[in-house]
Amino acid sequence: MSRHSGGSGELPLDDEIGREQEYVSMLYDRLDGLREQAAQRLTAELRNTGGTLQDRSQRDSSVAMYADQVEQFSAVENGLCFGRLDGDDDSRRYIGRLGIFDTTGDYDPLLMDWRAP
């Protein structure tokens, strides 16, 4: 069986690949959730009609923003995550075409946008 030497010990290569696949699958699940949320918000904004000139202007801005988000989330579907940085402290940072954050905790990055500083 192939073995991969990791920082604190050795893991079978199959376990390492499986763990990576689980992580990437979680990222795609989060992407699907973000896309669905943006699509729902877009639909809700499109249903808003009438109101003052300011209300209509705000609606148009919101529609444009949510439409852009849906488009962006769809555009990164292929090749969402394309790299991983391993730190000396066994930390891992995943690099991709979009930033995704953990909304259940301290908004830690789950996937860092490659264009980020």
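This briefing walks through the fold, the long first helix, the sheet, the core and a few individual residues of the structure above. The model is predicted. Its protein chain holds two helices and six strands, and along the sequence these follow the pattern β-β-α-α-β-β-β-β. Helix 1 is a good place to start, as it supplies three residues to the largest nonpolar core, the largest share of that core.

**The chain as a whole**

- Of the 117 residues in the protein chain, 20% are buried.
- The accessible surface of the chain is about 8200 Å², and carbon and sulfur atoms account for 49% of that surface.
- Among contacts with a separation of 6 or more, 39% are between residues 24 or more positions apart.

**Helix 1**

- Helix 1 covers residues 13-47, which makes 35 residues.
- At 1.5 Å a residue the helix should span 51 Å, and its end C-alpha atoms are indeed 51 Å apart, so the expected and modelled spans agree.
- The buried residues of helix 1 include nonpolar ones, among them Leu 27, Leu 31, Ala 38 and Leu 42.
- The list of buried residues in this helix also takes in Glu 16, Glu 20, Arg 35 and Glu 45.
- As general background, an α-helix has 3.6 residues a turn, so residues three or four places apart point the same way.

**The sheet**

- Four strands form an open sheet in the order 3-4-6-5, with mixed pairing.
- Strand 3 and strand 5 (100-101) are the edge strands, each pairing on one side only.
- Strand 3 (residues 81-86) and strand 4 (residues 92-96) run antiparallel and are joined by five bridges.
- Within that pairing, Arg 84 has Tyr 94 of strand 4 as its bridge partner, and Asp 86 stands opposite Arg 92 in strand 4.
- Five residues lie between the strands in the hairpin of strand 3 and strand 4, and in this hairpin Asp 90 takes a positive phi near 70°.
- Strand 4 and strand 6 run parallel, with two bridges joining them.
- On this side of strand 4, Gly 96 has Asp 113 of strand 6 as its bridge partner, while Ile 95 stands opposite Met 112 in strand 6.

**The nonpolar core**

- In soluble globular proteins, nonpolar side chains tend to be buried together.
- Here the largest nonpolar core has 11 residues: Leu 27, Leu 31, Ala 38, Phe 73, Val 76, Leu 80, Tyr 94, Leu 98, Ile 100, Leu 110 and Leu 111.
- Helix 1 and strand 6 (109-113) each supply at least two residues of this core.
- Phe 73 is one of the core residues; leaving aside neighbours within four places in sequence, Phe 73 is in contact with Leu 31, Leu 34, Arg 35, Ala 38 and Leu 98.

**Ala 38, a buried helix residue**

- Ala 38 sits in helix 1 and counts as buried because its relative accessibility is 2%, where the cut-off is under 20%.
- Beyond its neighbours within four places in sequence, Ala 38 is in contact with Tyr 66, Gln 69, Val 70 and Phe 73.
- Ala 38 and Tyr 66 are 28 residues apart in sequence, yet their C-alpha atoms are 5.5 Å apart in space.

**Tyr 94 and the aromatic pair**

- How many aromatic pairs does the model have? The count comes to one aromatic pair.
- Tyr 23 and Tyr 94 make up this pair, which is stacked, with 4.0 Å centre to centre and 20° between the planes.
- The pair links distant parts of the chain, since Tyr 23 is in helix 1 and Tyr 94 is in strand 4, 71 residues apart.
- Tyr 94 counts as buried because its relative accessibility is 7%.

**Arg 115, an exposed residue**

- Arg 115 lies in the segment after strand 6.
- Is Arg 115 buried or exposed? With a relative accessible area of 52%, Arg 115 is exposed, because the threshold is over 50%.
- Leaving aside neighbours within four places in sequence, Arg 115 is in contact with Gln 72 and Arg 97.
- The C-alpha atoms of Arg 115 and Leu 98 are separated by 8.6 Å, and the two residues are 17 residues apart along the chain.

Methods:
Residues are numbered from 1 along each chain as its sequence is written. This is a predicted model: local features need pLDDT of at least 70, side-chain atom pairs count only at pLDDT 80 or more; totals for chains, interfaces and linings use all residues. Side-chain values use heavy atoms; hydrogens and water are left out. The expected span of a helix is 1.5 Å times one less than its number of residues. Buried means under 20% relative accessible area, exposed over 50%, partly exposed in between (1.4 Å probe, protein chains only). A nonpolar core is a set of buried Ala, Val, Leu, Ile, Met, Phe, Trp, Tyr and Cys residues joined through side-chain atoms within 4.5 Å. Contact means heavy atoms within 4.5 Å. Two strands pair if DSSP finds at least two bridges between them. Accessible areas come from the Shrake-Rupley method with a 1.4 Å probe; for residues, only the protein chains shown count as cover. Rings of Phe, Tyr and Trp (its six-membered ring) pair if their centres lie within 6.5 Å; planes under 30 degrees apart count as stacked, over 60 as edge-to-face and the rest as tilted.
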